[in-house]
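Here are some notes to go with your first look at this model. I have kept them short, so you can read them with the structure open beside you.

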Amino acid sequence: MAVVATAAVVPSRGAPLISGVVEVLVRDRWHKVLANLSETTLTLSCEEHAENAAFNGITNGSSFSAQSGIQQYPEQGSNSPNAGVRTTFTDLPEQVPEAIANKKRSVKVVKQDVGGLGISIKGGRENKMPILISKIFKGLAADQTQALYVGDAILSVNGNDLRDATHDEAVQALKRAGKEVLLEVKYMREATPYVKKGSPVSEIGWETPPPESPRIGSTGSDPPSPHFFSIHGDRKHIPLKMCYVTRSMTVADPENRQFELHSPDAKHTVVLRCKDSSVAQTWFSAVHSVTSELSTKIIGEVKEQLGKTGVAGSREIRHLGWLAEKVPGDLEKQWKPVLVVLTEKDLLLYPSMPRMREAWLNPTHTYPLLATRLVHSSPGKESPKPGVELSFATRTGTRQGIETHLFRAESSKDLSIWTRHIVQGCHNAAELTKEITTPCTYKKQKCLLAVHYEQGFSIFAETEDGVRSKPLLQQPYEKLKMSSDDGVRMLFLDFGEDEGDITLDLHSCPKPIVFIIHSFLSAKVARLGLVA
């Protein structure tokens, strides 16, 4: 699903941060809607008169749409405390009394000063349909009669026969009807499928269940979704907490005028397209700013939800957020959203925002920061140019070899934040861990290799009771000239003239130890105020 937009920033308090006329692509067709961004929510409003809306997206009153064949009433009234709408999804055909079906009725409606009749109509001679009530707006004049139903055909207005009227003729008749309107109607059960046809906005999927804890994704203290637009438009409120906003992932964007919203559960995507690249960047920056601000609150909420259990063996979350991850070997789907969580000792990857405690404890991938290094970061202090990706890669030494992940950030600021957190995370993990040990064979003797953050390298003979004897070899980091490995099981350390080259059989892939040695060295250099 996608959205063409013009935008205007509305800075006044209580107004949206930005609003505009946009298009949404539903079922391979584009439909104009109104978009409204608040501090927590993006609202898409399917106003049939969006084409005639003002530049800033605020509606100008009722107007006729030849394409949709729909005239909207009331003209205003968005602040009504009873704002809501009755449709065939609320007024089910089986709930309409059988006694009134296919029988003429006369209903007197007194127009309100604000809101008019409070109905929407569809149909007309050009559509080979009668004039049908498609919506009744709660609390307004038609609803207050308690005698009208969605699906009622309007046969006449104040005696003016509408049975052969065009849609526009019916619109004019309703407008000219005056304060008191006598409607002759007949409920037509067979016409409800036509009335029931949903608006494009109603077909946008975003009905995700709330997380197990109300603090994740939907806090009890969060303000309710704003209702900025007038009440006669269908709306889709998209809560932005933990949504992923990105540029050009799902749909090709050769003109660089799209951005996308991905739901926290990674099940729904709304693609928004603006009238040009400049407007697209304005919208993207505004929505991205909102999602970034909301994500800063999540860490405390997750901590409160999980309590002392922590996250996947870690005690605390240092940083989290969405990134795009390169899909290896997939030419069609080059990038996918991934939720990245940095704890005090691990880098965790999740396919979606975890809802339940168990999901937090079981990420798709867990990589020790101590065995992870940042190996590539694309330059980007300036705003990214079209086609330039702000990416960075991580490499982790594992028992199976080196695992590499390529990530893409959405802004230069994001790139800087993520790379800084990863590098600092590796250094902090080194200071926190202090020492790692691994069994090895040294000079045909079973031994234990210890790599200490402060003391350097030690090799101890293996003992039955596990008590360390006098080291067979001990060297500080300053003596290490070079390290290498065969990628299978052998580790080679060169300590220069004192010890020369030593060979250690680690009995498994040496990559984790090699990467940990690098992390210890990098952390020590950084501690001296130098660049590792």
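The points below go from the whole chain to single residues.

1. Before anything else, please keep in mind that this is a predicted model. The chain has eight helices and 31 strands. Of its 532 residues, 52% are buried. The accessible surface comes to about 25500 Å², and carbon and sulfur atoms account for 51% of that area.

2. A good place to begin is the largest nonpolar core, which has 45 residues. Leu449, Leu493, Leu504 and Phe520 have the most contacts inside this core. Helix α8, residues 511–527, gives the most to the core, contributing seven residues. There is also a second, separate core of 29 residues, and Val22, Ile204, Phe259 and Phe284 are among its members. As general background, nonpolar side chains tend to be buried together in soluble globular proteins.

3. Leucine 504 is worth a closer look. Leaving aside residues up to four places away in sequence, leucine 504 touches Cys440, Thr441, Tyr442, Leu449, Ile459, Arg489, Met490, Leu491 and Leu493. Two of the core residues with the most contacts, Leu449 and Leu493, are included in that list.

4. Now to helix α8 itself. Should its length raise any doubt? What span would 17 residues give at 1.5 Å a residue? The expected value is 24 Å, and the end C-alpha atoms of α8 are 24 Å apart, so the two agree. The helix is mostly covered, with 12 of its 17 residues buried. Among the buried ones are Ile513, Val514, Phe515, Ile516, Ile517 and Phe520, but also Lys511 and Lys524. After α8 comes glycine 529, which has a positive phi near 85°.

5. Is valine 525, in helix α8, buried or partly exposed? Its relative accessibility is 28%, so valine 525 counts as partly exposed, since buried means under 20%. Valine 525 and histidine 427 are 98 residues apart in sequence, yet their C-alpha atoms are 9.8 Å apart in space.

6. Histidine 427 brings us to helix α7, where it is one of the buried residues. Helix α7 runs over residues 412–433, 22 residues in total. From first C-alpha to last, α7 reaches 31 Å, close to the 32 Å expected at 1.5 Å a residue. Other buried residues of α7 include Leu415, Ile417, Trp418, Ile422 and Ala430, along with Ser412 and Asp414. Just after the helix, lysine 434 takes a positive phi of about 70°.

7. If you are checking the cysteines, the structure holds zero disulfides. Cysteine 426 counts as buried because its relative accessibility is 7%. Cysteine 440 is in no disulfide, and the nearest cysteine sulfur, that of cysteine 447, is 5.3 Å away. With a relative accessible area of 2%, cysteine 440 is buried as well.

8. Finally, have a look at serine 458, which lies in strand β27, residues 456–461. Its relative accessibility is 5%, so serine 458 counts as buried. Which residue shares a polar contact with the side chain of serine 458? The partner is glutamine 474, and the contact between the two side chains is 3.4 Å. Not counting residues up to four places away in sequence, serine 458 touches Leu448, Leu449, Ala450, Leu473 and Gln474. Leu449 is thus a neighbour of serine 458 and also a member of the largest nonpolar core.

Notes: Residues are numbered from 1 along each chain as its sequence is written. This is a predicted model: local features need pLDDT of at least 70, side-chain atom pairs count only at pLDDT 80 or more; totals for chains, interfaces and linings use all residues. Side-chain values use heavy atoms; hydrogens and water are left out. Helices (H or I, at least four residues) and strands (E, at least two) are DSSP runs, numbered from the N terminus. Buried means under 20% relative accessible area, exposed over 50%, partly exposed in between (1.4 Å probe, protein chains only). Accessible areas come from the Shrake-Rupley method with a 1.4 Å probe; for residues, only the protein chains shown count as cover. A nonpolar core is a set of buried Ala, Val, Leu, Ile, Met, Phe, Trp, Tyr and Cys residues joined through side-chain atoms within 4.5 Å. Contact means heavy atoms within 4.5 Å. A polar contact is a pair of N or O atoms within 3.5 Å; within protein, one must be able to donate a hydrogen and the other to accept it, and residues adjacent in sequence count only if both atoms are side-chain atoms. The expected span of a helix is 1.5 Å times one less than its number of residues. A disulfide is a pair of cysteine sulfur atoms within 2.5 Å.
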